[in-house]
Amino acid sequence: MAIIMTVLFFVTGVGYLIRAAQDRDPVGRLSDIFHVVMSFSMLAMPWSWGMAVFPPVIQIIVFSLATLFYLVLLFGTPAPAHHTDPDSPISSHHHAGWPRVGFHAFMMGAMVVMGVLMNGMSHDEGHMDPPQGLMWTAENVISVSFMVAFGVSTIWYLASFIRLRRAPSVVRLNLSLMALMAIGMCLGFWPVW
């Protein structure tokens, strides 16, 4: 599982780092930077050194700010959004726009929840270590709920990728990155490592 998470989030981290370097819109660039930080946080999570690099308390603070950023975009940005770049998180394009900004707020909020769960669990070699077997503790119910939500999101992004196979490459690239992020988050909430 650790290798899969590492590969998924290395790819998304590099993808969003490139986007951040190319994005001229400050809101889009900040969004890309939050994705880079999230990717490298998730990349480190399953490894023994992960907690030293990105402790849960820091994750809670950083991703609370990211959640707030997306909530401000969601509720504080007049419609139509500032620009119409279809791969932007605040785009008015019907494949991006408000549902995607809401998803980003949910995803960053899920990172906060993940940090809280990790902060409250025992840590063996620095990664999440719930009790042996799947026990229906509150933590596992929360984890399974997020896992299912991100599993559905993965299917939605993959279906969008297929449905928009003739869309510009930048749109398809963004859908690919979001599908990878969603599947990685699904795996990240897997209750038994």
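**Exercise 1. Find the packing partners of helix 1, working in this predicted model.**

*Solution.* Start from the partners: the buried residues of helix 1 pack against helix 2 (26-44) and helix 7 (169-188). Next, list those residues: Ala2, Met5, Leu8, Phe9, Thr12, Gly13, Gly15, Tyr16, Arg19 and Ala20 are buried. As you read along that list, keep the helical repeat in mind: an α-helix has 3.6 residues a turn, so residues three or four places apart point the same way.

**Exercise 2. Check whether the length of helix 1 agrees or disagrees with its residue count.**

*Solution.* Helix 1 covers residues 2-22, which is 21 residues. At 1.5 Å a residue, the expected span is 30 Å. The end C-alpha atoms are 30 Å apart, so the two values agree.

**Exercise 3. Work out how helix 1 and helix 2 are oriented.**

*Solution.* First take the geometry: the two axes come within 8 Å and cross at roughly 160 degrees. An angle over 145 degrees counts as roughly antiparallel, so helix 1 is roughly antiparallel to helix 2. Then add the hand of the crossing of helix 1 and helix 2, which is left-handed. Finally, sort the contact residues by class: 13 are nonpolar, five polar and three charged.

**Exercise 4. Repeat the analysis for helix 6 and helix 7.**

*Solution.* Helix 6 (residues 138-163) packs on helix 7 at about 160 degrees, and their axes lie 8 Å apart. That angle makes helix 6 roughly antiparallel to helix 7. Their crossing is left-handed. Helix 6 contributes residues including Phe150, Tyr157 and Phe161, while helix 7 contributes Leu175, Met178 and Ile183, among others. By class, this contact of helix 6 with helix 7 has 12 nonpolar, five polar and one charged residues.

Key:
Residues numbered from 1 in each chain as written. Predicted model: local features only at pLDDT ≥ 70, side-chain atom pairs only at ≥ 80, totals over all residues. Heavy atoms only, no water. Helix = DSSP H or I, 4+ residues; strand = E, 2+ residues; numbered from the N terminus. Expected span 1.5 Å × (residues − 1). Buried < 20%, exposed > 50% of the residue type's maximum accessible area, 1.4 Å probe, protein only. Contact = heavy atoms within 4.5 Å. Axes fitted to C-alpha atoms, helices over the stretch in contact; angles between N-to-C directions. Parallel < 35°, antiparallel > 145°, perpendicular 65-115°, else oblique. Left-handed = near helix turned anticlockwise from the far one by under 90°. Nonpolar A, V, L, I, M, F, W, Y, C, P; charged D, E, K, R; others polar.
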